[in-house]
Amino acid sequence: MHRAHTAFSLALSPMAHKNFATWLLNSSSSQKLIKASAASAVRTYNSAAAEPFANGSTASYVEEMYNAWLRDPSSVHTSWDAYFRSNSYVSPPNLAPVQANTLPLTAFNFGGAVSAAPDSKTIDDHLAVQAIIRSYQSRGHLASDLDPLGILTREKTVCKDGLARRANEDVLRQHSGFLFGEQDMERQFKLPSTTFIGGDEASLPLKEILNRLENVYCNKIGVEFMFINSLEQCNWIRKRFETPGVLSFSPEEKRLILARLTRATGFEAFLAKKYSSEKRFGLEGCEIMIPALKEIIDVSTELGVESVIMGMPHRGRLNTLANVCRKPLNQIFTQFAGLEAADDGSGDVKYHLGTYIERLNRVTNKNIRLAVVANPSHLEAVDPVVQGKTRAEQFYRGDQEGKKVMSILIHGDAAFCGQGVVYETMHLSDLPDYTTHGTIHVVANNQIGFTTDPRFSRSSPYCTDVARVVNAPIFHVNADDPEAVMHVCKVAAEWRATFHKDCVIDLVGYRRNGHNEIDEPMFTQPLMYQKIRKHKNCLDLYADKLIAEGTVTAEEVKSVAAKYENICEEAFALAKTETHVKYKDWLDSPWSGFFEGKDPLKVAPTGVKEETLIHIGNRFSSPPPNAAEFVIHKGLMRVLAARKAMVDEKVADWALGEAMAFGSLLKEGIHVRLSGQDVERGTFSHRHHVLHHQLVDKATYNSLQHMYPDQAPYSVSNSSLSEYAVLGFEHGYSMTNPNALVLWEAQFGDFCNTAQAIIDQFISSGQSKWVRQSGLVMLLPHGMEGMGPEHSSCRVERFLQMSSDDPDYFPPESDEFAIRQLHDINWIVANCTTPANLFHILRRQIALPFRKPLILCTPKSLLRHPEAKSPFSDMSEGSEFQRIIPDRGPAGDNASNVKKVVFCTGRVYYDLTKTRAEKQLEKDIAIVRVEQVSPFPFDLIKEQANLYKNAELVWAQEEHKNQGCWTYVQPRFLTALNHSRDISQSDEQSTFSNTTNTNQESDTDSDSNSDKKSKPWLSRMFASDKTDTVTTGSGTVTGEFNAAKHFDLKNVRHDFNRPAGIAAAPGVRIAKTGRKISYAGRACGASTATGSKAQHIRELNALLNDAIST
């Protein structure tokens, strides 16, 4: 304020000398010269600095201008004319346009002479008004009336004019005592360019200024935007909220809001009436969210959006499906009936399901695609999945600016501030390879999380404060004011279309019921729920308002409600006729035409022509075409030279094998996207897909993008340092197009557990729950190489534990054995040891007639291991992925004399072969690599066991015994080896409850079995209708027995881990044990690896000595 006061004083100081130039040059005071220079430099409108003129070289020019003005004022520039007339400088007419954040000096001379300088109080008062305006803009939301229940509503402050206003010291701070007196309330104040409250008026009385600011910033809408570091964006928001009349709605618009609110409220009321004891996670208390979403979609559609992808939690999902997506109501009501499914899958609860709808938007008369992505109960986990799906759809549509496809994310208040994945997802919003060009976030703010109120669930003032980190404007709005909500939604949609950035709508409402409809909230929030029970719902409040103002009549309100209830009743009656539910009706990502005309049990060949491999290898090992200008690091020149040498020798290492898989798919028109931390170079500096110019910033070259003129695009993207959000993003990306290979690589496999919710809830079980396939590939660097507990293991045992193949079931052997296994399992887990197998398994992801996630343990030391190379012949036409790689050395040639067969997977194979060679046991010990661990290759294991009939069988692994693959492979080995199973009567009954018994010995047995099947499974488990005596090596055991077979197979086992010589539990039939497999490796451990290099070496040597011995 002091600087402004000084500047104005200098600019307006009177210089009443007859001859200005003479006075200036004759002055002996240097201060006068300085002040005159400063005065000449001050510009009211133009911010450009002026050249000082008070010096000897320009004195004659000044004198000349003055004398010319005395003779003829029109002969000089208007600026000199204005100055000489008033003896003070004022801006000439139309000299420059008004600039932002400036005021004309005449603004301080209301009613006074032009030449009169404003006094100190006038300047201070104007600056104070500007400060107050800025205070409202910056902090007005702190005093806004957002809480429908009034619990958090602040008391109004009585100002000096006697009027009560919401703006208090939190808003005005040091200016709170500077609201002048009552006599100043009618004074006119010039409005700065940073506000639009005046509309077409340049000045307003102080009282009107305060009232308008109060109405804009402290009413039912609270706007947080002044932290945004863009003046253009701030002014854009100011204009949308401050311009007078922006909240005016036509009668037609108000009736539309009422009709939509009636449907949202009526749907919840109908469900509450028909399914009073069912959990449905209704929207009561925040029903306005449905009209809000429809308004966002309407405005966005009008602005060019053709597809909207939504993610949301369970609360309000059914209402959104019914009234936003317009999913047939009978399909929704059928979900309450508990019917059997007509298609495969385990299904999910109704409030987790997604959908996909194409329909006409009746407001804009344009077609729109709406998808609600299925989600688990893990709140906010769906956020990155939606973003990935949105980004993919934008990519395949060529929508590079996000004008056609957009995402909407709905959040709960407690989850939005409590779940870290929200922050991780927010930070993807502006990354070049992850941005969706703006997401609209809608927070259904119940002011409570389950039973915890906000005072104990967050440290920030608002649940939305996380959005401030990406400069997203936040619009808080009282959910009981439908018109304010509609305006905010319109602004949010226009913001996204204009700036392509995120924004947040905070719908501050309440939750009329408990966490679910059968929960009692009075246990923990008695005072809040006393208010809620007395509070009228939003529909009644708005209907009363419209009736009072004459927009609608009470009869019209009742008619709209009755009409929607009739629609619900008709759908309810139709739902009663359904006999099954169809999971496919709830698919959120349909792949139109992908499965049609395909043999589901036929996989396309994965080998390619050798000429293709050579072409890709040569391109991948070559510098850019303009290599003379593109300076490559000398170390990379050596890498490229080594690759070229391998191509000439027709062999490939790991990086080259991967590049050939990618390049060959790109040649076939398959888009390949590789994402993750440091993937462009590779964590272990092996990939180098992106070459960087050593002298020019951001100048790069990616050879895989330039393999063929008509190839598919290749994307390789270094991600943010996030596993949860980025893996979810790539999973969502993979859902969009089945004809794309999408890969996510962990920096180390150990870190993938940060994304465990995505792995467990989406990737592992997504197809079973939601009939949604995904071909996502997870590349997880894995290997116990002495790098410590957090750089050794991808925890492959967890992925194997979630594999859905039965350890006791040996599938029927046929030519389709392998493909049937892949079709039936939930995902594939592999640990390849050769570049050729990597090549084939990646290409197989696309060659399959269906899609399954692939969990691929990738090596570290093998990336440069001299023996971990493959000839081109292993990747050329006629070759394929090998589920196991048998021993091709002396042991394999003379199987009958082999004493031990060691089965293993991954890099430990090379340690085992080295130790075997050192001990000269190549003829005595065979080493068989299990490349595909899950689904388990029962047929090939059986074949290898039969080949080595006289050999001891051992499973060797580098992981601890309670980790790695051992617990997964042990029972499956026994199933493959023994072809028999220990069966108890209870087990047999539960297994065959849905199977016809073709071996009934008598009608009595049949009746008995039928009776058992009709009993609950728990009763059958502990029932004992007859006993049999079984003789074992340890004595006589009494138990149940039935001769029924396991399906039509007899090659399944049970109770594998019973120690030899110990009697079985009562009620168990004892079968011949047959061959067994033993374990060689580390003992059980709590940590994945030791931090001691010396201990690691000791453990590895013990493992190798145990495995490679006879």
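Student: What makes S26 and S29 a pair, and in which sense do they run?

Tutor: Two strands pair if DSSP finds at least two bridges between them. S26 and S29 are joined by four bridges in the parallel sense, and Val901 stands opposite Leu953 in S29. Strands here are DSSP runs of E with at least two residues, while helices are runs of H or I with at least four, both numbered from the N terminus. Keep in mind that this is a predicted model: local features need pLDDT of at least 70, side-chain atom pairs count only at pLDDT 80 or more, and totals for chains, interfaces and linings use all residues. Residues are numbered from 1 along each chain as its sequence is written, and side-chain values use heavy atoms, leaving out hydrogens and water.

Student: Why do S25 and S32 count as edges of the sheet?

Tutor: The open sheet has the order S25-S27-S26-S29-S32, with mixed pairing. S25 (884-885) and S32 each have a single partner strand, so one side of each lacks a neighbour in the sheet.

Student: How do you know whether Cys417 is in a disulfide?

Tutor: A disulfide is a pair of cysteine sulfur atoms within 2.5 Å. The closest cysteine sulfur to that of Cys417 is in Cys463, 5.9 Å away, which is too far for a bond. Cys857 is in no disulfide either, as the nearest cysteine sulfur, in Cys794, is 3.6 Å away. By this rule the count is zero disulfides.

Student: Why is Cys857 called buried or exposed?

Tutor: Buried means under 20% relative accessible area, exposed over 50%, and partly exposed in between (1.4 Å probe, protein chains only). Cys857 has 2%, so Cys857 is buried. Cys417, at 28%, is partly exposed.
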